[in-house]
Amino acid sequence: MPDVSEPTEPPRTSRAAPSDGPRVCVVDVIAPQSLLSPGDAAALRELAQRAATLLDVSGEVRVRVVDDAHMADAHERWGGVPGTTDVLTFDLRDGRAARDGEMDTDVLVCVDEARRQSVSRGVAVVHELLLYVLHAMLHCMGYDDHDEGDYRAMHEREDAVLREIGVGDVFAREAPDAGGTP
């Protein structure tokens with residue numbers, strides 16, 4: 001089995017089985033301690049679970065925290081783009097029409113990019129990573145950010161969800177001023 005921080009194929013780990021019971025989305029976070037503390041990994045998992053519940057999605061979202069080198073490799077391998085990025089989303093529904101709000105998604109999030117962006121936004125690294133996970137879930141729900149209107153709508157929805165679960169704005173948050181206050 002490859003090291004979880006070194007993706008060698010799309011990070012598919014399992015497939016959610018359909019259920020007739022209450023809508024539940026299981027969020028799993030794989031984060032080597034060298035990249036994210038166990039407490040931060042648990043906080044990310046809990047906050048992402050709250051976001052999934054608010055979005056009323058079911059299924060599974062599996063999140064793997066990686067560094068710049070691993071993200072750059074994955075970005076080039078699966079996206080054909082050199083260099084690192086913040087998040088890669090692998091929608092594993094295999095082109096099937098998903099039932100409303102069903103997830104079967106693997107997500108790679110880059111902790112190094114999150115650290116850079118969290119400083120410029122004045123937010124916790126965990127909240128920046130949460131933004132990336134939420135971004136991936138919204139993509140799987142049909143949101144897009146390729147033109148200006150869709151970009152604005154998607155990021156407004158991200159911050160609305162983050163406010164509702166008690167985190168507050170992350171994407172739209174202004175950088176701290178010279179005095180260090182956001």
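Reading from the N terminus, the protein chain runs through the pattern β-α-β-α-β-β-α-α-α, which comes to five helices and four strands. Helices here are DSSP runs of H or I with at least four residues, strands are runs of E with at least two, and both are numbered from the N terminus. What you are looking at is a predicted model, in which local features need pLDDT of at least 70, side-chain atom pairs count only at pLDDT 80 or more, and totals for chains, interfaces and linings use all residues. Residues are numbered from 1 along each chain as its sequence is written, and side-chain values use heavy atoms, with hydrogens and water left out.

Let us begin with the chain as a whole. Of its 182 residues, 43% count as buried; buried means under 20% relative accessible area, exposed means over 50%, and partly exposed lies in between (1.4 Å probe, protein chains only). Among contacts with a separation of 6 or more, 68% come from residues 24 or more positions apart, where contact means heavy atoms within 4.5 Å.

Now turn to a pair of helices. Helix α1 (residues 38-55) packs against helix α4 (residues 125-140) at an angle of about 35°, and their axes are 10 Å apart. The axes are lines fitted to C-alpha atoms, for helices over the stretch in contact, with angles running from 0 to 180 degrees between N-to-C directions. The crossing of α1 and α4 is right-handed; that is the case when the near helix is turned clockwise from the far one by less than a right angle, and anticlockwise would make it left-handed. On the α1 side, the contact includes Asp40, Leu44, Leu47 and Leu55, and on the α4 side it includes His127, Leu130, Val133 and Met137. The residues of this contact divide into 14 nonpolar, one polar and one charged. In that count, Ala, Val, Leu, Ile, Met, Phe, Trp, Tyr, Cys and Pro are nonpolar, Asp, Glu, Lys and Arg are charged, and the others, Gly among them, are polar.

Just ahead of α1, Leu36 sits in the loop between β1 (25-30) and α1. Leu36 is buried because its relative accessible area is 4%. Beyond its neighbours within four places in sequence, Leu36 contacts Ala31, Ala41, Leu44, Val65, Val111 and Leu129. Its C-alpha atom is 9.3 Å from that of Val66, 30 residues away along the chain.

At the other end of α1, Asp56 belongs to the loop between α1 and β2 (58-66). Its phi is near 60°, a positive value in a residue other than glycine. Most residues other than glycine have a negative phi. With 43% relative accessibility, Asp56 counts as partly exposed.

Two glutamates are worth a stop. Glu113, in helix α3 (residues 111-121), is buried at a relative accessible area of 17%. Setting aside neighbours within four places in sequence, Glu113 is in contact with Asp68, Thr85, Asp86 and Tyr132. The C-alpha atoms of Glu113 and Thr85 are separated by 7.1 Å, with their positions 28 residues apart along the chain. Glu158, in helix α5, is buried with a relative accessible area of 0%. Residues up to four places away in sequence not counted, Glu158 touches Leu131, Leu134, His135, Leu138 and Phe171.

Finally, the aromatic rings. Searching the whole structure gives two aromatic pairs. Trp78 and Phe90 make an edge-to-face pair, 5.2 Å centre to centre with 90° between the planes. Rings of Phe, Tyr and Trp (its six-membered ring) pair if their centres lie within 6.5 Å; planes under 30 degrees apart are stacked, over 60 edge-to-face, and the rest tilted. This pair links distant parts of the chain, since Trp78 is in helix α2 (residues 68-79) and Phe90 in strand β3 (residues 87-91), 12 residues apart. Trp78 is partly exposed at 28% relative accessibility, while Phe90 is buried at 10%.

The rings of Tyr151 and Phe171 have centres 5.8 Å apart and planes at 75°, so this pair is edge-to-face. Tyr151 lies in helix α5 (residues 148-164) and Phe171 in the segment after α5, so the pair ties together parts 20 residues apart in sequence. Tyr151 is partly exposed at 37%, and Phe171 is partly exposed at 23%.
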